[in-house]
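Thanks, everyone. I'll take two topics today, a pocket and then the salt bridges. Please have the model open while I talk.

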Amino acid sequence: MDTARLTQVTETEWRIEPFGAMRVPGILYADADLIAAMDPKVYEQVVNVATLPGIVTASYAMPDAHWGYGFPIGGVAAFDPAQGGVISAGGVGFDISCGVRSLKTGLTRETIEADKQKLADALYSIIPAGLGSTGTIRLTDREMNAMLAGGARWAVKQGFGYADDLLYVEEQGCMAGALPAEVSQQAKKRQRHEMGTLGSGNHYLEVQEVVEIHDQRVARTFGLRRNDIVVSIHCGSRGLGHQIGTEFLRSMAIAANKYGIRLPDRELACAPIESPLGESYLGAMRAGINCALANRQILTHLARRAFEAVLPQAGLELLYDVSHNTCKQEKHLVNGQPRDLFVHRKGATRALGPGHADLTGIFSDTGQPVLIGGSMGTASYILAGMPESEQRCFASACHGAGRAMSRRKASKQWHGHEIVDELSQRGILIRSQSYRGVAEEAPGAYKDVNAVVDAAEQAGLAQKVAKLIPVICIKG
């Protein structure tokens, strides 16, 4: 990205002054190296988002931002329905509520080393992964609607986990306002056999070791110590979410003229929040969030079964489950006044700071856990929300390292079996149905997650708590 087009505010904040049809400025959080390496399309997409009706304060990009569909991945924008604010299916993304769930095991690296191969095999055997993967759960129409309305709470009622799990999930495991009737039969059909599956792409289940503690107080509250083993699950709403996004993007593009919305890019198709189409999408999107929450809850149950078979002393207690790719109605201060806004976070996570009214229990004092995923051979991080994030970008932070290279380019540069062999030599076991999928997700295809996390902390988005490295990775 050409930094000459940006105004540098601090070492990690860059501003695009409003021009043309922009209603608000663009703000990017990253250090100079990350900005220089960013795809120029990020600049274009941040500018385009800033032209949408009802946008508040700024169009934001996180340190891991890269080119996406309409919105940049790593994009954040809030809209006020009282000012004609819009909801954009592209601003949520196709994998609705893709997110990360992390679990503490009560084990250390030393206690699993002898059984590492057995554990990898057990997890790979029980966790359905890969393109078009299906599980053993078959939902009737009635069960499908109950799942879309109930999310992880529905899953727990079906015996997939414990009621205490729900205390450590955003929205306590269920997104209010879901309307299963707004989800098409085709979307439901695609999901009928996919509950409890990882899918493909950058989705994974990882067994990880805590190798660094950056904040002893917060880590102690989270229940994390150096050498601890953690399990992280990264997946979303599978085929259902993709179908919802596809269908509503088409409907919104067709309806834009009717609502008097001039789109700088068809991929930014949107509808007024307070419109029949906007309300229909919100109901379907919230059902998609519940699908993802239920899916990760079922995968948690399956992971517990695998551990019980190999390491029965493991606990697998939920630390937190956080979504990205959402739009949520939230109250935020704008110019000192509270306003009800609809916050799009595409490839970005909520990052509430200590004392926030929506946080309860142990997180009231620490801030919300922010889970940053790695890429098979690179580190992952557990962060905590900071008070400054509310003022910076509606209490939001990055969600991962962010791609530095397309999947197509990665598959041409790397061979999957070579990556598996190289990581095995480093003590990282990979289990995957597709060598091509491994190549597409090669660690080198991503930005430096350490630099991304450092920039997020320096910008006041979230603070580092613990660094983790992969031990076992189950890939789609």
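The second largest pocket holds about 480 Å³ of space. This is a predicted model, so keep that in mind throughout. Which residues sit closest to the centre of that pocket? They are Glu-171, Gln-172, Arg-350, Asp-358 and Leu-359, out of 22 residues that line it. Which element gives the most to the lining? That is strand β12, residues 326-334, with five residues. Now the chemistry of the wall. By class, the lining of this pocket splits into nine nonpolar, six polar and seven charged residues.

On to the salt bridges. Side chains of opposite charge can pair when their charged atoms come close. How many salt bridges does the model have? The count comes to 25. I'll walk through three pairs.

Pair one is Arg-15 with Glu-17. Their closest N and O atoms are 3.0 Å apart. Are these residues buried or exposed? Arg-15 has 27% relative accessibility, so Arg-15 counts as partly exposed. Glu-17 has 37%, and that makes Glu-17 partly exposed too.

Pair two is Arg-109 with Glu-113. Here the closest N and O atoms are 2.8 Å apart. Where do the partners lie? Both are in helix α4, residues 109-113. They are four residues apart, about one turn of the helix. Arg-109 has a relative accessible area of 16%; the cut-off for buried is under 20%, so Arg-109 is buried. Glu-113, at 36% relative accessibility, counts as partly exposed.

Pair three is Arg-225 with Asp-228. Their side chains meet in a salt bridge at 4.0 Å, N to O. The cut-off for a salt bridge is within 4 Å, so this pair enters the count. What about accessibility? Asp-228 is at 10%, so Asp-228 counts as buried. Arg-225 is at 59%; exposed means over 50%, so Arg-225 counts as exposed.

One last item on connections. Which residues do shared partners join into one network? Arg-109, Glu-113, Lys-116 and Glu-209. Pair two therefore belongs to that network, since Arg-109 and Glu-113 form a salt bridge by the 4 Å rule.

To recap: a pocket of about 480 Å³, lined by 22 residues, and a count of 25 salt bridges. That's my part.

Definitions and conventions: Residues are numbered from 1 along each chain as its sequence is written. This is a predicted model: local features need pLDDT of at least 70, side-chain atom pairs count only at pLDDT 80 or more; totals for chains, interfaces and linings use all residues. Side-chain values use heavy atoms; hydrogens and water are left out. On a 1 Å grid over the protein atoms alone, a cavity is a set of points where a 1.4 Å probe fits but cannot get out, and a pocket is an open set with protein on both sides within 12 Å along at least five of seven lines; lining residues have an atom within 4 Å of a point. Grid points are joined across faces, edges and corners, and a volume is the space filled by probe spheres set on the points. Helices (H or I, at least four residues) and strands (E, at least two) are DSSP runs, numbered from the N terminus. Ala, Val, Leu, Ile, Met, Phe, Trp, Tyr, Cys and Pro count as nonpolar, Asp, Glu, Lys and Arg as charged, and the others, Gly among them, as polar. Buried means under 20% relative accessible area, exposed over 50%, partly exposed in between (1.4 Å probe, protein chains only).
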